[in-house]
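The exercises below ask you to read one protein model residue by residue and then as a whole. Try each task on the structure before reading its solution.

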Amino acid sequence: MARVVVHVMPKAEILDPQGQAIVGALGRLGHGGVSDVRQGKRFELEVDDSVSDEALTEIAESLLANTVIEDFTVSREAGDLQ
């Protein structure tokens, strides 16, 4: 078994209103120096060794990310599953 992590983020050219709201809140709370926040999603999948990298990319592309407005990365984490 392996843990696979898929990170999904809005593309750089896409407005991120949630991220901008966080930047505004940080300023109001006295946390200066933060000029930008991008909010994304993280998916963790537990898969057996028979699942190929190509299949994981297809899963991310077809189900987890909207590739019109989001980019994604897929990575296998080392170590034992808890």
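**Exercise 1. Place E70 in the fold and describe its surroundings.**

Begin with the secondary structure: E70 belongs to strand β3, which covers residues 70-77. Here helices (H or I, at least four residues) and strands (E, at least two) are DSSP runs, numbered from the N terminus. This is a predicted model, in which local features need pLDDT of at least 70 and side-chain atom pairs count only at pLDDT 80 or more, while totals for chains, interfaces and linings use all residues. Residues are numbered from 1 along each chain as its sequence is written, and side-chain values use heavy atoms, with hydrogens and water left out.

Next, is E70 buried or exposed? E70 counts as buried because its relative accessibility is 14%, where buried means under 20% relative accessible area, exposed over 50%, and partly exposed in between (1.4 Å probe, protein chains only).

Then look for polar partners of E70. The side chain of E70 makes a polar contact of 3.2 Å with the side chain of K41, and the E70 side chain also reaches the backbone nitrogen of N66 at 2.7 Å. A polar contact is a pair of N or O atoms within 3.5 Å; within protein, one must be able to donate a hydrogen and the other to accept it, and residues adjacent in sequence count only if both atoms are side-chain atoms.

Finally, list the wider contacts, meaning heavy atoms within 4.5 Å. With neighbours within four places in sequence left aside, E70 is in contact with V8, M9, P10, K11, K41, L64 and A65.

**Exercise 2. Work out where P10 lies and what it touches.**

P10 sits in strand β1, residues 2-10, and P10 is classed as buried because its relative accessible area is 19%. Apart from neighbours within four places in sequence, its contacts are D16, R38, Q39, G40, I69 and E70. As a distance check, P10 and S35 lie 25 residues apart in sequence and 17 Å apart in space, C-alpha to C-alpha.

**Exercise 3. For S75, set separation in sequence beside separation in space.**

First locate S75, which is in strand β3. S75 is partly exposed because its relative accessible area is 36%. S75 and V5 are 70 residues apart in sequence, yet their C-alpha atoms are 5.4 Å apart. The contact list of S75, not counting residues up to four places away in sequence, consists of R3, V4 and V5.

**Exercise 4. Examine one residue from each helix, I59 and A25.**

I59 is placed in helix α2, residues 53-64, and counts as partly exposed because its relative accessible area is 31%. Beyond its neighbours within four places in sequence, I59 is in contact with L45 and L64. A25, in turn, is found in helix α1, residues 17-28, and is partly exposed because its relative accessibility is 25%. The C-alpha atoms of A25 and V4 are separated by 32 Å, with these positions 21 residues apart along the chain.

**Exercise 5. Which overall pattern and dimensions does the protein have?**

The protein contains 2 helices and 3 strands, and along the sequence they follow the pattern β-α-β-α-β. Its C-alpha atoms fill a box of roughly 50 × 30 × 15 Å along the principal axes. The radius of gyration is 16 Å, whereas a compact globule of 82 residues would be near 12 Å; the radius is taken over C-alpha atoms, and the globule rule is 2.2 Å times the number of residues to the power 0.38.

Of the 82 residues, 22% count as buried. Among contacts between residues at least 6 apart in sequence, 71% join residues at least 24 apart.
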